[in-house]
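Here is a friendly walk through one protein model. Have the sequence and the 3D view ready, and follow along at your own pace.

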Amino acid sequence: MNILVTGGAGFLGSHLVDSLVDRGHDVVVLDDLSRGEKSQISTAAKFVQGDVRLLDDWERAISQHTPEVIHHLAAVNGTKRFHDEADLVVDVNVNGTINAIKIAKRLGVRLIFYSSPEAFGEQENMPLSNSSPSVFPPAIEHQRHSYGASKYLGEILCQFAVREGLDVRIVRPYNVYGTRLKGGKNGQVVSRMLEANPIMVHGDGTQTRSLTWVADVVEGMIRVGEYELESGISFNLGSTDEISMLELAMIISKRRSVEYKFCEPNHGDSRRRIPDVETNSLIDWQAITTLKEGLDQLL
Ligand SMILES: NC(=O)c1ccc[n+]([C@@H]2O[C@H](COP(=O)([O-])OP(=O)(O)OC[C@H]3O[C@@H](n4cnc5c(N)ncnc54)[C@H](O)[C@@H]3O)[C@@H](O)[C@H]2O)c1
């Protein structure tokens with residue numbers, strides 16, 4: 001099958017590309033390399049360097065081959081950037097998705113849109129299900145929800161396209177961790193804790209996450225792309241095991257023999273993010289790798 005993966009040089013996208021190539025698919029990657037790395041893209045895939053905000057760059061990508069499925073992952077990601085670069089986050093995440101829908105409609109092909117549990121904002125009722133309302137605080141307080149709101153708008157655009165007959169599926173990955181995950185100041189929590197010395201715990205560390213191993217999530221992504229399903233269904237690809245960030249820091253600090261200390265909380269950090277996994281039975285999927293097994297592979 002011909003498959004286009006936007007954001008295919010990034011963490012999740014590059015693992016997806018590896019897996020698609022292994023299964024014999026013909027893959028084209030569209031990525032501007034603003035965060036992803038060319039070295040992470042399988043040499044068996046074709047690569048077009050371009051910006052998902054620009055329709056001309058999409059045209060260059062689809063001229064490589066006409067995709068039958070589009071996985072749209074390209075987005076500005078990295079928690080600290082959501083407040084610091086709110087204008088860019090909204091621009092790339094919303095306009096990139098508008099273009100993904102335009103191209104999928106024109107070609108009449110299946111679109112997989114990568115949303116996020118952050119699309120529910122500060123919703124405190126768990127688990128987060130496909131009928132949970134999104135809750136956003138006043139924008140004047142902070143702009144951290146540029147990301148969650150952009151994903152919420154992405155979902156609105158997708159559901160509108162479903163009404164117009166497009167085959168769209170929505171995936172919300174839950175705190176995925178694994179090899180190639182970026183650490184550093186804009187990085188994700190597991191990689192930051194694996195790199196930092198001392199390990200920094202935001203706030204009091206009682207906030208929890210559902211950490212999910214990358215290979216499990218990629219298997220779910222492939223199935224969402226392949227299965228015959230009704231259009232418009234959302235899949236919360238996440239583990240139902242919850243761990244507090246303090247517990248995680250304690251486990252990793254012990255294994256790395258480094259200290260941990262507390263620092264300022266992130267603006268608008270959600271207390272918990274537990275996925276409702278009901279629709280995952282449609283793709284026979286659940287997270288199977290335990291945190292211990294995942295960390296064993298990384299350490
Ligand atoms: N990793 C997670 O736990 C997680 C959780 C929820 C949602 N998601 C979503 O999954 C997708 C992939 O996430 P990831 O963790 O791999 O992030 P990532 O930052 O590693 O990958 C994103 C990729 O998009 C590319 N990109 C950014 N702006 C672009 C632009 N204007 N044009 C073209 N390419 C551009 C980057 O270079 C990068 O390679 C994103 O849409 C993200 O919002 C990820």
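## Finding our way

Helices and strands here are DSSP runs, numbered from the N terminus. Keep in mind that the model is a predicted one. With those labels we can place a residue such as Asp284, which lies in the loop between strand S13 (260-263) and helix H9 (291-298).

## Helix H1

Let us start with helix H1, made of twelve residues, 11-22. From its first C-alpha to its last, H1 reaches 17 Å, close to the 16 Å expected at 1.5 Å a residue. After H1 comes Gly24, with a positive phi near 90 degrees.

Which residues of H1 are buried? They are Phe11, Leu12, Gly13, Ser14, His15, Leu16, Val17 and Leu20. What do the buried residues of H1 pack against? Their partners are the strands S1 (2-6), S2 (26-31), S4 (69-72), S6 (168-173) and S7 (176-177), together with helix H7 (214-226).

## Where H1 meets H7

Helix H7 has 13 residues and reaches 18 Å from its first C-alpha to its last, close to the 18 Å expected. Its buried residues include Val214, Val217, Val218, Met221 and Ile222.

These five residues of H7 meet Leu12, His15, Leu16 and Ser19 of H1. By class, the residues of this contact are seven nonpolar, two polar and no charged. A general rule helps in reading such a list: an α-helix has 3.6 residues a turn, so residues three or four places apart point the same way. As for the geometry, the two helices H1 and H7 pack at an angle of about 65 degrees, with their axes 10 Å apart. The crossing of H1 and H7 is right-handed.

## Around the ligand

How many residues surround the ligand? There are 27, and the closest are Gly7, Gly10, Leu12, Gly36 and Ala75. The elements that give two or more residues to this shell are H1 and helix H4 (86-107). H1 gives the most, with three residues.

Sorted by class, the shell has 13 nonpolar, nine polar and five charged residues. Leu12 is a good residue to find in your view: it is buried in H1, it is among the closest to the ligand, and it takes part in the contact with H7.

## Unusual backbone spots

Most residues other than glycine have a negative phi, and most peptide bonds are trans. Now look at some exceptions in the loops. Leu33 has a positive phi, near 60 degrees, and is found in the loop between S2 and strand S3 (46-49). Is Leu33 buried or partly exposed? Leu33 counts as partly exposed because 14 other C-beta atoms lie within 10 Å, while a buried residue would need 20 or more.

Asp284, which we placed earlier, also has a positive phi, near 50 degrees. Asp284 has 10 C-beta neighbours inside 10 Å, so it counts as exposed; the cut-off for that class is 12 or fewer.

Cis peptide bonds appear too. One joins Met126 and Pro127, with omega about -5 degrees, and Pro127 lies in the loop between strand S5 (110-114) and helix H5 (146-163). The peptide bond from Asn197 to Pro198 is also cis, with omega near 0 degrees. Pro198 sits in the loop between helix H6 (189-195) and strand S8 (199-202).

Methods. Residues are numbered from 1 along each chain as its sequence is written. This is a predicted model: local features need pLDDT of at least 70, side-chain atom pairs count only at pLDDT 80 or more; totals for chains, interfaces and linings use all residues. Helices (H or I, at least four residues) and strands (E, at least two) are DSSP runs, numbered from the N terminus. The expected span of a helix is 1.5 Å times one less than its number of residues. Two residues are in contact if their C-beta atoms, placed from the backbone, lie within 7 Å. A residue is near a molecule or strand if its C-beta atom, placed from the backbone, lies within 6 Å of it. Ala, Val, Leu, Ile, Met, Phe, Trp, Tyr, Cys and Pro count as nonpolar, Asp, Glu, Lys and Arg as charged, and the others, Gly among them, as polar. Axes are lines fitted to C-alpha atoms, for helices over the stretch in contact, and angles run from 0 to 180 degrees between N-to-C directions. A crossing is left-handed if the near helix is turned anticlockwise from the far one by less than a right angle, and right-handed if clockwise.
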